[in-house]
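Please open the structure in your viewer and keep the selection tool at hand. The stops below are best visited in order.

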Amino acid sequence: MHQRPVLLWWVGAFAVVGLLIVGGPVAALLSGPPPALSATTAIDPLTGMPVAPATVAPVGDATAAAQGSDGGAASEVPTAAPTGGTGRTWLTGTDLGARIGGFSYRWYPDGSITPDPAWVRANIVTEQVPIIGSMTCHRLIFPQLRAALREIQRDGLASLIKTDQYAGCYVPRFIDRDPSRSLSLHSFGIAFDLNTATNQLGTAGDMDPRLVAIFQKWGFAWGGNWTSRPDPMHFELYALESPR
Ligand SMILES: [Zn+2]
């Protein structure tokens, strides 16, 4: 007598399980990247982006500060996945890492990232500098960036910087826009690219050694010195200076 209800129960159960099995991938296909965060994630009112929880920048070890490659000092890089995701990063290296700070970020398959908007608001600013004009970088690098550019001007070398070939400072992304690689130091707003047309990645380039020397004096390492894969357009912060 009660066989029919039991049979119906089993049919119903199979139907529900079937829906769950088929429905998951279908829903995943429909939603696409970036994946939704949990319901407790706050939405930033300015960007409309989810706000990842802020992280405290740990003070790292001294050796990492000497790493001379774009993004070499960034840590906790997510493994590549087709839908993007979230991560946390910070600079390592004694005083430098602690002062530049760390942030959580969302990342995307195109190799771009969205750092925690609160970290961006607190650290990334647009200011005027000699020769180049407007630059958007981490606030802490401007004093020594200005000092370097003033010195370049004073030495009569300003025309060596092609102002129409300045290719950005704060550009939140992975190295090569490849999510399996480290974050570029451009993500922290502490690297900038100059004279791009004749200084492409992997070439010797034609960056004038007098420019390189002045930037190095003011705490910026030159990507043209990297032996594995020179990046002669690229300069990045390796030490915070206190310009007089
Ligand atoms: Zn660069």
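The tour that follows visits a sheet and a helix beside it.

The model is predicted: local features need pLDDT of at least 70, side-chain atom pairs count only at pLDDT 80 or more, and totals for chains, interfaces and linings use all residues. Residues are numbered from 1 along each chain as its sequence is written.

First, select strand β10, residues 234-237. Strands (E, at least two residues) and helices (H or I, at least four) are DSSP runs, numbered from the N terminus. His-234 and Glu-236 lie on one side of β10, Phe-235 and Leu-237 on the other, and all are buried, so that both faces are covered. Buried means that 20 or more other C-beta atoms, placed from the backbone, lie within 10 Å of the residue's own.

Next, add strand β8, residues 191-193, which pairs with β10 in the antiparallel sense over 3 bridges. Two strands pair if DSSP finds at least two bridges between them. Phe-192 has Phe-235 in β10 as its bridge partner, and Ala-191 stands opposite Glu-236 in β10.

Now add strand β9, residues 220-222, also antiparallel to β10 over 3 bridges. The bridge partner of Ala-221 in β10 is Glu-236.

With the three strands selected, which order do they take in the open sheet? The order is β8-β10-β9. β8 and β9 each have a single partner strand, so one side of each is left without a neighbour in the sheet. The twist averages 25 degrees from one strand to the next.

Finally, select helix α6, residues 209-217, which lies across β9 and β10 and runs at about 145 degrees to β9. Such angles run from 0 to 180 degrees between N-to-C directions, with axes fitted to C-alpha atoms, for helices over the stretch in contact (C-beta atoms, placed from the backbone, within 7 Å).

How values were computed. A residue is buried if 20 or more other C-beta atoms lie within 10 Å of its own, exposed if 12 or fewer, and partly exposed in between; C-beta atoms are placed from the backbone. Two residues are in contact if their C-beta atoms, placed from the backbone, lie within 7 Å.
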